[in-house]
Amino acid sequence: MIPKPQLADLSVYQPGLSIAHVRERYGIDRIVKLASNENPYGCSPRVREAVIAHLDEMHRYPDGAGTVLAHALAAHWGLDASQFVFGAGSDDVVLMIARAYLRPGDETVMADRTFPQYRHNARVEGASVIEVPLRDGVHDLDAMVAAITPQTRVLWLCNPNNPTGTFVSHDALVRALSAIPEHVLVVFDEAYAEYATHPEYPDARSIVMQHDNAIVLRTFSKAYGIANARIGYGVAHASIIQTIERVREPFNTSGLSQVAAVAALRDTAFLEQCRTKNAAIMQTMYDQFASWGCAAFPSQANFVLVDVGEDARDVCERLLKRGIIVRGGHTASVRYPTHIRVTVGTEHDVQAFLAALPEVIRR
Ligand SMILES: *Cc1c(COP(=O)(O)O)cnc(C)c1O
């Protein structure tokens, strides 16, 4: 058998360590997992009710187009239901964009470093990946625009950026968009948008309204707290959505995930509480890091990338022995070898992490 040649240098996604795995390997009962940017408060209780109410439909195929959710989101955004496409997580929307827009030999522009799935899916399609270094941990928009050629089809912008947590402002984005040619699809991955509190964080709605070549990705996996349901979406001009719909698997999201998403979307109070607690607890992390002289990137998300000043692999291992899981910068998905990426957990979990960190680093 002869697989696509480009698969030879691609690796299988390495997820963060699971709680069960660490519990077994280190014999520790109480595990603190701050590695995958999950919502530490779970999800809205209304999600549970909605999912239970839907269990009698398990034998039915879902509405693959997610019509009810599309209408709920249309009302939420003040846009049309034809402007939404759903994926099994926004990861799936990334895959569909690559499948729909990238051919072998096409070019695609992204940051170095950013969310690894853009690169991975572009490579699967045989596209050439042009990576533009971050500047002080932030997307270098001028350099990214300068990297566009007639062969460029897709430009990826992760905002806030994973793994740095940094963001680019609305004005900077609008300026960049005015310099990007119409033949380039600009993807704004806003997986952490609901956490952003900065007044200059982009207004995605106005960008979608004003630019026919922009798509914004959102997910229910992070602030909405239903990562296990696997549902996210793209919002764009209807012509882009129609293109992506052609490559979407007919039943890529389940009915359970769709009703869970509708319920999550409606509980605005839960979301607001999560955002407020996230901002307050993240501030306590910054205060501690500053007191130890550990530089940390300014985050608008629910994680912080902090420089621990030594090999992240060792620091992660020492934290694991204390039952604390974080994402190390030595991993392929982060690539900041002396940093660790720490999810903003509950007050209790973050205090456990902050108590352990000075014991495991030299400083
Ligand atoms: C978590 C994450 C996603 C997607 O998560 P899904 O669970 O697939 O929706 C997308 N982009 C970034 C930057 C993320 O961190």
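This report describes the ligand site, the two largest pockets and some backbone features of a predicted model.

**Ligand site**

The ligand sits in the second largest pocket. Around the ligand are 13 residues, and Asp189, Tyr192, Thr219, Ser221 and Lys222 are the closest of them. By type, this shell consists of four nonpolar, five polar and four charged residues.

Oxygen atoms of the ligand have polar partners in the protein. Serine 221 places a polar side-chain atom 2.6 Å from a ligand oxygen. An N or O atom in the side chain of arginine 230 is 2.7 Å from an oxygen atom of the ligand. Aspartate 91 takes part through its backbone, with a polar atom 3.0 Å from a ligand oxygen. On its own the ligand has 390 Å² of accessible area, and the protein covers 93% of that area.

**Pockets**

The table sets out the two pockets.

| Pocket | Volume | Lining residues by type |
|---|---|---|
| Largest | about 780 Å³ | 15 nonpolar, 10 polar, nine charged |
| Second largest | about 650 Å³ | nine nonpolar, 11 polar, eight charged |

The second largest pocket, which holds the ligand, has a volume of about 650 Å³. Its lining is made up of 28 residues, and those closest to the pocket centre are Tyr13, Ser36, Asp91, Phe115 and Lys222. Helix H4 (90-101) and helix H5 each give two or more residues to this lining.

In the largest pocket, 34 residues form the lining, with Gln14, Arg327, Thr331, Ala332 and Ser333 nearest the centre. At least two lining residues come from each of helix H5 (116-124), helix H12 (312-321) and strand S10 (324-328). Helix H5 therefore appears in the lining of the largest pocket and in that of the second largest pocket, where an element is a DSSP run.

**Backbone features**

Where are the cis peptide bonds at proline 160 and proline 163 found? Proline 160 is in the loop between strand S5 (152-158) and helix H7 (170-179), and proline 163 lies in the loop between S5 and H7 as well. The bond joining asparagine 159 to proline 160 is cis, with omega of about -5°. For the cis bond from asparagine 162 to proline 163, omega is near 25°.

Asparagine 37 has a positive phi, near 60°, although this residue is not glycine. Asparagine 37 is in the loop between strand S1 (32-34) and helix H2 (45-53).

Technical notes
Residues numbered from 1 in each chain as written. Predicted model: local features only at pLDDT ≥ 70, side-chain atom pairs only at ≥ 80, totals over all residues. Heavy atoms only, no water. Near = heavy atom within 4 Å. Polar contact = N/O pair within 3.5 Å; in protein donor to acceptor, adjacent residues only side chain to side chain. Areas by Shrake-Rupley, 256 points an atom, 1.4 Å probe, with all protein chains shown as cover. 1 Å grid on protein atoms, 1.4 Å probe; cavity = no way out; pocket = protein on both sides within 12 Å on 5 of 7 lines; lining within 4 Å. Sits in = over half its atoms within 2 Å of the grid points. Nonpolar A, V, L, I, M, F, W, Y, C, P; charged D, E, K, R; others polar. Points joined across faces, edges and corners; volume = space filled by probe spheres on them. Helix = DSSP H or I, 4+ residues; strand = E, 2+ residues; numbered from the N terminus.
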